[in-house]
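User: Hey, got a minute to walk me through a model? I'd like the overall picture and then some side-chain detail.
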Amino acid sequence: MEQNHHEKPVIRLKREELMKAAIDQGLEKDSLLAQKLGISKSLLWYLKLPEDHPRYQAPGNKFIAAVLQEFKASFDQFFFLDQSDTSS
């Protein structure tokens with residue numbers, strides 16, 4: 001019997017887009033961006049790591065909401081749905 005392996009989609013951060021927007025707002029340093037978003041600098045670092053890095057963290061609801069609110073942006077500007085999650 002063939003097994004169906006359904007991967008759960010995962011929300012991913014468009015790192016480059018976030019950093020461009022941060023620089024446009026004068027938030028060149030991660031510490032400034034983290035403060036603006038209400039998160040720690042270390043969490044921001046984990047979120048910006050490549051998906052295959054052992055310490056990578058996918059963006060959570062609070063981070064997503066903070067980014068959308070602070071940058072007055074649509075979801076698609078800073079995030080995308082990854083259907084091929086291999087992190088598990």
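Analyst: Sure, we can go from the fold to the charged pairs and then to one residue in a helix. Keep in mind that this is a predicted model.

User: Okay, what does the secondary structure come to?
Analyst: The chain has five helices and two strands. Along the sequence the order is β-α-α-α-α-α-β.

User: And how much of the chain counts as buried?
Analyst: Of its 88 residues, 32% are in the buried class. As for surface, about 6200 Å² is exposed, with carbon and sulfur atoms supplying 50% of that.

User: What share of the contacts join residues at least 24 apart?
Analyst: That would be 62%, counted among contacts between residues at least 6 apart in sequence.

User: Switching to charges. How many salt bridges does a search of the whole structure find?
Analyst: Five. One of them pairs Arg-12 with Asp-82, and the closest N and O atoms there are 3.2 Å apart. This pair links distant parts of the chain, with Arg-12 in strand S1 (residues 10–13) and Asp-82 in strand S2 (residues 79–82), 70 residues apart.

User: Is Arg-12 buried or exposed? And Asp-82, buried or exposed?
Analyst: Arg-12 has 2% relative accessibility, so it counts as buried. Asp-82 counts as buried too, because its relative accessibility is 14%. The cut-off for buried is under 20%.

User: Remind me, when can side chains of opposite charge pair?
Analyst: They can do that when their charged atoms come close.

User: Fine. Which residue forms a salt bridge with Glu-51?
Analyst: Arg-15 does, with 3.0 Å between the closest N and O atoms. Here too the pair links distant parts of the chain: Glu-51 sits in the loop between helix H3 (41–48) and H4, Arg-15 is in helix H1, and they are 36 residues apart. Glu-51 is partly exposed at 28% relative accessibility, while Arg-15 is buried at 18%.

User: Where does helix H1 run, and what else is Arg-15 in contact with?
Analyst: Helix H1 covers residues 15–24. Leaving aside neighbours within four places in sequence, Arg-15 is in contact with Leu-47, Lys-48, Leu-49, Pro-50, Glu-51 and Tyr-56. There's a polar approach to Lys-48 as well: a polar atom of the Arg-15 side chain lies 2.6 Å from the backbone oxygen of Lys-48.

User: What does Lys-48 form a salt bridge with?
Analyst: With Asp-30, where the closest N and O atoms are 2.8 Å apart. Asp-30 belongs to helix H2 (residues 30–37) and Lys-48 to helix H3, so this pair ties together parts 18 residues apart in sequence. Lys-48 itself is partly exposed, given its relative accessible area of 23%.

User: New topic: Ile-64. Which helix is that in?
Analyst: Ile-64 is in helix H4, which spans residues 61–70. Its relative accessible area is 9%, so Ile-64 is buried.

User: What is Ile-64 in contact with, beyond its neighbours in sequence?
Analyst: Setting aside residues within four places, Ile-64 is in contact with Ile-11, Pro-59, Phe-75 and Phe-79.

User: How far apart are Ile-64 and Ile-11, in sequence and in space?
Analyst: They are 53 residues apart in sequence, and the C-alpha to C-alpha distance is 9.4 Å. On top of that, Ile-11 is one of the contacts of Ile-64.

Key
Residues are numbered from 1 along each chain as its sequence is written. This is a predicted model: local features need pLDDT of at least 70, side-chain atom pairs count only at pLDDT 80 or more; totals for chains, interfaces and linings use all residues. Side-chain values use heavy atoms; hydrogens and water are left out. Helices (H or I, at least four residues) and strands (E, at least two) are DSSP runs, numbered from the N terminus. Buried means under 20% relative accessible area, exposed over 50%, partly exposed in between (1.4 Å probe, protein chains only). Contact means heavy atoms within 4.5 Å. Accessible areas come from the Shrake-Rupley method with a 1.4 Å probe; for residues, only the protein chains shown count as cover. A polar contact is a pair of N or O atoms within 3.5 Å; within protein, one must be able to donate a hydrogen and the other to accept it, and residues adjacent in sequence count only if both atoms are side-chain atoms. A salt bridge is a side-chain nitrogen of Lys or Arg within 4 Å of a carboxyl oxygen of Asp or Glu.
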